[in-house]
Amino acid sequence: MSSPLHQPGPHESAHLHVTGRARYIADDPGPPGTLVVWPVPSPVACGALVRRDASAARALPGVHAVIFAEDLPAARSWGPILHDEPLLAEGRVCCVGQTVALVVAEDEEGARAAAAAIVLEFTAETPILTIDEAIAAGRFHTSPHRIARGDIDAAFAAAADVIEGEVRSPGQDHFYLETQAALALPEEDGSWRILSSTQHPTEIQRTVAHVLGVPEHKVLCEVPRLGGGFGGKESQASPFAAYAALGARVTGRPCRCVLHRHQDMTSTGGRHPFLSRYRAAFDAQGRILALDAELWSDGGWSLDLSGPVMDRALFHIDNAYHLPAVRVVGRVCATHLPSNTAFRGFGGPQGVLVIEDALNQLAEITDRDPTVLRRLNLYGPAPRDRTPYGQVLSENRLDRLVPELLESADYESRFTEIAEFNDQARYARRALALQPVKFGISFTHSPLNKAGALVLIYQDGSVQVNHGGTEMGQGLQTKIRALAADALGVGVESVRVMPTRTDKVPNTSATAASSGTDLNGAAVLAACSELRERMAAVAAELLGGVATQALVFQGGRIRTRQGQGLPFAEVAAACDERRVSLLAAGAYATPGVAYDREAGRGTPFFYFAYGAALSEVEVSALTGEYRLRRVDILHDVGNSLVPTIDRGQVEGAFVQGLGWLSTEELRRDGAGRLLTHGPSTYKIPAAGDVPLDFRVALLQGAPNSRVVGGSKAVGEPPFILAISVVSALRAAIARFGPGGMPVDLALPATPEAVLRAIATQQQADGARAQAAAR
């Protein structure tokens with residue numbers, strides 16, 4: 001029996017996923033007598049709520065309650081940082097989709113009928129719906145966050161080229177397969193059991209306790225698994241769990257609150273749209289001298305997690321490039337839209353787009369190869385190893401990773417072949433683009449970098465593992481199971497990772513920031529280490545007093561290095577006979593992470609993950625349609641715990657990033673109503689959007705000494721690699737023009753946006769030809 005660690009293996013729930021036997025909250029009808037809680041949304045984006053009448057709704061058969069703000073038993077607001085978001089609107093509404101009331105009914109049909117019967121009257125006001133409008137009105141959630149270093153004025157004075165630009169990065173819906181869902185079960189003596197599709201069980205526990213006015217120990221939150229999260233259930237699962245709990249408190253019966261897709265898309269936030277304006281200074285060789293940028297994000301109507309999202313955007317505005325002089329400022333705008341929240345990358349991708357736009361513009365204006373420019377500006381040895389906020393890159397993998405990718409992807413010969421194709425083709429152009437990434441791993445709020453675990457070993461040698469992380473399809477439980485099996489020397493079939501419960505591990509952080517395995521895996525190993533010590537002492541006694549240090553846990557046995565040993569299960573039974581506890585708790589706190597926001601200096605990250613992608617596109621001048629012909633990715637995951645899981649994460653992150661930048665377009669009308677609120681109008685990537693030739697490799701021989709198993713986080717960093725597609729599109733579009741002018745490509749780069757950008761280039765080319773003829 002070999003260790004499962006660092007070996008390919010299936011997702012631990014794959015057999016349940018493909019057979020439909022995996023248990024999700026949204027699929028759980030609840031016990032007999034369970035009622036439906038239906039949120040009643042505001043139809044207007046901004047205004048005073050002047051009249052509410054639920055008498056007709058309450059009179060309908062099957063309706064048990066209609067709940068307004070004044071009916072709440074304790075707290076009336078919630079929020080992950082500030083409690084600035086009313087659970088139910090009171091006096092005013094601030095976005096379309098804001099919950100005004102809750103209907104509790106026997107079934108969904110009755111709940112919807114009651115919701116339609118509630119009379120709501122508003123004095124509508126003109127809403128603020130864009131970042132530009134918010135800036136003009138002076139509406140902000142946060143004060144400016146500044147990071148600066150170097151003599152930026154001197155750098156611009158010495159520059160050979162100065163690039164100015166504006167980047168508008170779009171929003172994105174999480175579009176998880178399972179929508180927001182919660183089931184509240186009243187239990188004895190005023191206690192509550194909440195089953196929630198959440199990334200943050202502790203946040204659910206605290207919010208429900210806060211809203212019901214009970215101590216936290218009266219509320220148990222349980223999470224079997226999520227049908228996708230991507231950040232959308234880090235904070236925003238909380239109100240829906242509270243709604244289910246409120247319904248249960250009012251009626252004394254179990255209640256479930258499960259959103260339809262259109263409800264989920266219209267009432268919850270997604271990725272923050274950003275507006276960024278910048279100036280970048282370059283020397284004659286194309287090396288960056290300075291970046292001066294201002295970033296604004298659309299936070300929506302309440303703060304949520306928008307402050308930390310902006311912080312991470314600023315932390316990643318350098319991406320993989322050394323910036324000698326920097327001045328960047330970020331601020332969160334307040335609009336009358338649903339509150340935007342965490343999303344894979346957490347602001348990092350929006351920040352990276354800024355520096356990549358500057359490099360693309362320089363390449364387009366000066367007719368240089370953008371791959372050469374990117375390689376020229378990569379972080380390197382000291383003094384080119386320090387970020388704008390002062391953190392040193394101690395294990396920079398870019399100098400190895402990028403050349404390896406370009407060689408394996410056959411960049412040079414393909415570049416030549418593409419140039420030849422473009423010379424011959426009339427209505428099509430191809431291009432290649434490189435995208436490196438450097439992504440910081442840790443919560444940037446230091447107290448969140450912690451985890452706990454509880455591991456139990458039974459008499460028969462089987463093992464239960466409890467920890468504070470949640471499984472949302474990313475393979476966390478698969479990695480945790482492999483870590484525990486390796487530590488205890490048993491097969492994965494002997495280890496069961498339990499549903500996440502706040503009565504097993506309290507006060508946990510969200511499963512987010514790509515750190516689920518780093519944190520929870522370390523806590524599990526700490527518990528396993530304590531159990532090994534106890535079992536080793538018993539095994540040493542049974543083996544005639546051998547030294548415990550000489551014992552090895554391997555292959556389902558505890559043995560000496562010479563081979564003398566006993567089955568793991570036999571030792572477990574002997575421990576029970578000797579009253580040796582086989583229950584152990586473990587804890588972990590990430591060391592050495594801290595950041596001073598006022599100074600703009602610190603070490604907000606425990607380490608960095610690196611990667612690079614090379615994307616090739618072909619664009620049609622007739623329709624603006626394009627195909628992603630080939631993508632090569634080489635990604636740094638350290639010493640992968642389960643390579644098949646990590647490859648899947650790289651592929652999935654890239655494709656989700658591709659959707660953000662190419663197909664997923666959020667459209668609203670002038671009143672703030674979302675028009676693209678379902679799969680018929682909001683287009684996530686389909687099979688035809690995936691690269692025709694998709695080659696993903698994990699960087700070999702690059703262990704990370706700071707993390708369990710020598711691994712690295714993988715969930716978020718590869719998302720940024722999809723920016724290579726935008727750069728390739730811009731390079732291809734530029735080939736339709738005269739050269740020497742930047743490409744104006746709006747995001748997401750839909751075929752319509754590409755066609756408009758091509759038309760601009762062709763018009764400039766025609767104008768130049770006419771001028772030459774004269």
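# A tour of the predicted model

Residues 24 or more positions apart make up 80% of the contacts in the protein chain with a separation of 6 or more, and it is worth keeping in mind along the way that this is a predicted model.

Begin with the whole protein chain selected, where 19 helices and 31 strands can be traced. The radius of gyration of the protein chain is 28 Å, close to the 28 Å that the globule rule gives for 774 residues, so the chain is as compact as a globular protein of that length. Taken along the principal axes, the C-alpha atoms fill a box of roughly 100 × 80 × 50 Å, and of the 774 residues 60% count as buried.

Next, select helix H10, residues 348–366, together with helix H18, residues 723–734, which pack at an angle of about 25 degrees with their axes 11 Å apart. Because angles under 35 degrees count as roughly parallel, H10 is described as roughly parallel to H18, and the crossing of H10 and H18 is right-handed. To see where the two helices meet, show the side chains of Pro349, Val352, Leu353, Glu356, Asp357, Asn360, Gln361 and Glu364 in H10, and then those of Ile723, Ser727 and Arg730 in H18. The residues of this contact of H10 with H18 divide into 4 nonpolar, 3 polar and 4 charged.

Move now to Phe346, which is found in the loop between strand E17 (325–333) and H10. Phe346 has a positive phi of about 55 degrees although it is not a glycine, and with a relative accessible area of 12%, Phe346 is buried.

A second residue to select for its backbone is Ser514, in the loop between strand E22 (500–501) and helix H15 (516–542). Ser514 is not a glycine either, yet it has a positive phi, of about 60 degrees; Ser514 is also buried, its relative accessible area being 15%, where buried means under 20%.

The last stops are two peptide bonds. Select Ala382 and Pro383, and look along the backbone from the one to the other, where the peptide bond is cis, with omega near 10 degrees; Pro383 lies in the loop between helix H11 (370–376) and helix H12 (398–408). Then select Leu747 and Pro748, which are joined by a cis peptide bond with omega of about 0 degrees. Pro748 has its place in the loop between H18, the helix already visited, and helix H19 (751–773).

Definitions and conventions:
Residues numbered from 1 in each chain as written. Predicted model: local features only at pLDDT ≥ 70, side-chain atom pairs only at ≥ 80, totals over all residues. Heavy atoms only, no water. Axes fitted to C-alpha atoms, helices over the stretch in contact; angles between N-to-C directions. Helix = DSSP H or I, 4+ residues; strand = E, 2+ residues; numbered from the N terminus. Parallel < 35°, antiparallel > 145°, perpendicular 65-115°, else oblique. Left-handed = near helix turned anticlockwise from the far one by under 90°. Contact = heavy atoms within 4.5 Å. Nonpolar A, V, L, I, M, F, W, Y, C, P; charged D, E, K, R; others polar. Rg over C-alpha atoms; globule rule 2.2 N^0.38 Å. Buried < 20%, exposed > 50% of the residue type's maximum accessible area, 1.4 Å probe, protein only.
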